[in-house]
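Biologist: I am new to this structure. Could you walk me through it, one question at a time?

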Amino acid sequence: MLISYEEGIININNFECIEINGYKYYYSGIIWMRGKKAGKETVEHLSKIYEVQNKIPFIEIFGSFCLVILHPNGRIVLFTDNSNMRTFYIGKKLIGTNYLEVIKEKTKVDFNLDALCEFFTLGDTYFGKTLLNDIRLTESTKYYICDDGGLLIKDKGIGDIDEDTSIKDVNEFFKEMAYSLSDLKVTMSLTGGYDSRLIFACINDYLTVKPFISGDNEKHKDIIYSQKVAEAVGRKIEILRIKKPEISDDFILSLFYFSQGIVPFLKDGFVRMNSFIIDRSNKGYECYITGDGGDVHKDWDWTLDLPFYNRKSTNIPRYYDHRIQNTSNVIPFGDSLESLHKQLREKMINEFSKFSKAINTQSYDSFGFNIYGDENKIDYGTLSDIIPSYAPLWELELVRYSYHLPRRKRFFNFSMREITTKASKKIARVPTFYGTTASSETPYLIRDTFMQIVEYFKRACRMLGRKFLNKNLFVENKETWSIENDLRKLSITTEAIEYCIEKGFIKKGTLQEDLSFELLGRIIHVYLLAIYIEDNLLFKGPKRKYKLSRMNKLNENSKPYEISYKK
């Protein structure tokens, strides 16, 4: 979807449309309300409420979606879900769901240097920013009105995560969700942990869903234990054994388009995801469910303060050092970014403080939902261009449910254990890749106590390993391969480094071997975004050695590369 403030709707790519009494309702993704089937039935029900009451019951709408209402008089109202799973990109003249379309309003390369510093240092941009000036993300708590050539921003009135929730029984909520999705062909990622297992247990009896897992590392615990979970209820999980693709300049460009130029894409995990999401789409699935969001239902982020989960103050500097900037990579910044990098930690801590709550663990929940929400909505928006993607554990109402639980219910993942066990004792009793089960039954709780202590010890080691050794200790990759060595041999890599040195982003004299794989990927990302604007749009900047005829060709045939795999 692309909308001009002056001209109205320009295109409706990947949106469905229902016209009712002169109003046109354009929707994309998974949208549902209690007692209604997802998609058309929900939107028709919503239209009746809107036309009678002239307001939208935002808090009653669930899912991962974008919705646009075109009024008979040309006024446009648009909004996303309440749960940071989708976004529009707001420019000065355009607003849309594809970042590469919105930046077509740009007439020059105009990087947001604060965002660029965050991206190089932390791997993402924060607080609604994107890498380019004057283009931001929409907020899940707001709705937007295009009228008279301008954009008005209004508050939905849904509040923050500390508001009361409408959910009294989580298992019943998933039963309602399963009914709403029951007309769709649904697939889901099932891993060896707690999060996706909870969802699978809760919907397995009410919804036909095809579980799968991807990766070619047969010894990975995720792959081993996800099979055991499925087998516990007589199901078979599909394993997509992703092979390493052939790495070329064209392949990198295809990933760039798949990422819409905004998702950090030069990672082995992203390459694997590119493959499985296309596979799911090619097999006709209409909804992809993930277990993302589980951290805000456990004590994952709380363990920084273990066992003091009810403190009246939040140590934000420590949270930032161990959860945000949690590696000790030395980045050779150039003159354009060096001073900003020195101020970054203080700026970020000040911004985080705006999301603090009354006690430390409530603050950590707020940080997890609100601040990481930007990364989440970008990721799911990109995936949903291929297949509508949905993370139910990110639902605002579910997050509120867990936010208000007694602190002891989150410790030892006890609340999640109760929900999973109530849904399926067989599924709950299967060990997770941590060694513990997901059961709340007393014999299993006793059994799991020692294993949980070991897991807390491993978490502490991983945190220290990332901070001081730049290593993820006790962590296996689902891939037995990496694209790093191939990436370092490409001409596009050399040109990207030269570009960032020329612009003062990276220090003069920096060599490729001075750069980590992660930083190198970010440098190439920035370079591709710059030359996309320079060579494809109106700006006539200095031509680069790398000609973009192939980028133009891929833009016309924008389907990403399909990576082979073995069943």
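The talk below turns to domains, a sheet and salt bridges.

Biologist: Which domains does the assignment give for the protein chain?

Modeller: Keep in mind that this is a predicted model. The assignment builds each domain from two stretches of the chain. They are domain 1 (2-88 + 138-155) and domain 2 (170-297 + 372-469).

Biologist: How many residues does each domain bring to the contact?

Modeller: The C-alpha centres of the two domains lie 28 Å apart. Residues of both take part in the contact. The numbers are 23 from domain 1 and 27 from domain 2.

Biologist: What area is buried between domain 1 and domain 2?

Modeller: The size of an interface is often given as the accessible area lost when the parts come together. Here carbon and sulfur atoms give 59% of that area. The total is about 2100 Å².

Biologist: Which residues of domain 1 lose the most area to domain 2?

Modeller: Three residues stand out on that side. Together they account for 29% of what the side of domain 1 buries. They are Trp32, Lys37 and Met85.

Biologist: Which residue forms a salt bridge with Lys37?

Modeller: The count between the two domains is two salt bridges. For Lys37, the closest N and O atoms of its pair are 3.2 Å apart. That is within the 4 Å cut-off, so the pair counts as a salt bridge. The partner is Asp183.

Biologist: Which strands each supply at least two residues of the side of domain 1 that touches domain 2?

Modeller: Across this interface, 14 residue pairs are in polar contact. The touching side of domain 1 divides into seven nonpolar, eleven polar and five charged residues. The strands asked for are strand 4 (23-32) and strand 5 (62-70).

Biologist: Which are the edge strands of the open sheet in the order 2-1-8-7-9?

Modeller: Five strands form this sheet, with antiparallel pairing. Each edge strand pairs on one side only. The edges are strand 2 (8-11) and strand 9 (136-137).

Biologist: Which residue in strand 8 stands opposite Ser4?

Modeller: Strand 1 (residues 2-4) pairs with strand 8 (residues 94-96) in the antiparallel sense. Three bridges join these two strands. Opposite Ser4 stands Leu94.

Biologist: How many residues apart are Arg323 and Asp301?

Modeller: The structure holds 35 salt bridges. In one of them, Arg323 and Asp301 meet at 2.9 Å, N to O. Arg323 is in helix 9 (residues 316-324), while Asp301 is in the loop between strand 15 (287-289) and helix 9. The pair links distant parts of the chain, 22 residues apart.

Notes. Residues numbered from 1 in each chain as written. Predicted model: local features only at pLDDT ≥ 70, side-chain atom pairs only at ≥ 80, totals over all residues. Heavy atoms only, no water. Domains from an automatic or database assignment. Contact = heavy atoms within 4.5 Å. Buried area = accessible area lost by both parts, 1.4 Å probe. Salt bridge = Lys/Arg side-chain N within 4 Å of Asp/Glu carboxyl O. Polar contact = N/O pair within 3.5 Å; in protein donor to acceptor, adjacent residues only side chain to side chain. Helix = DSSP H or I, 4+ residues; strand = E, 2+ residues; numbered from the N terminus. Nonpolar A, V, L, I, M, F, W, Y, C, P; charged D, E, K, R; others polar. Pairing = 2+ DSSP bridges.
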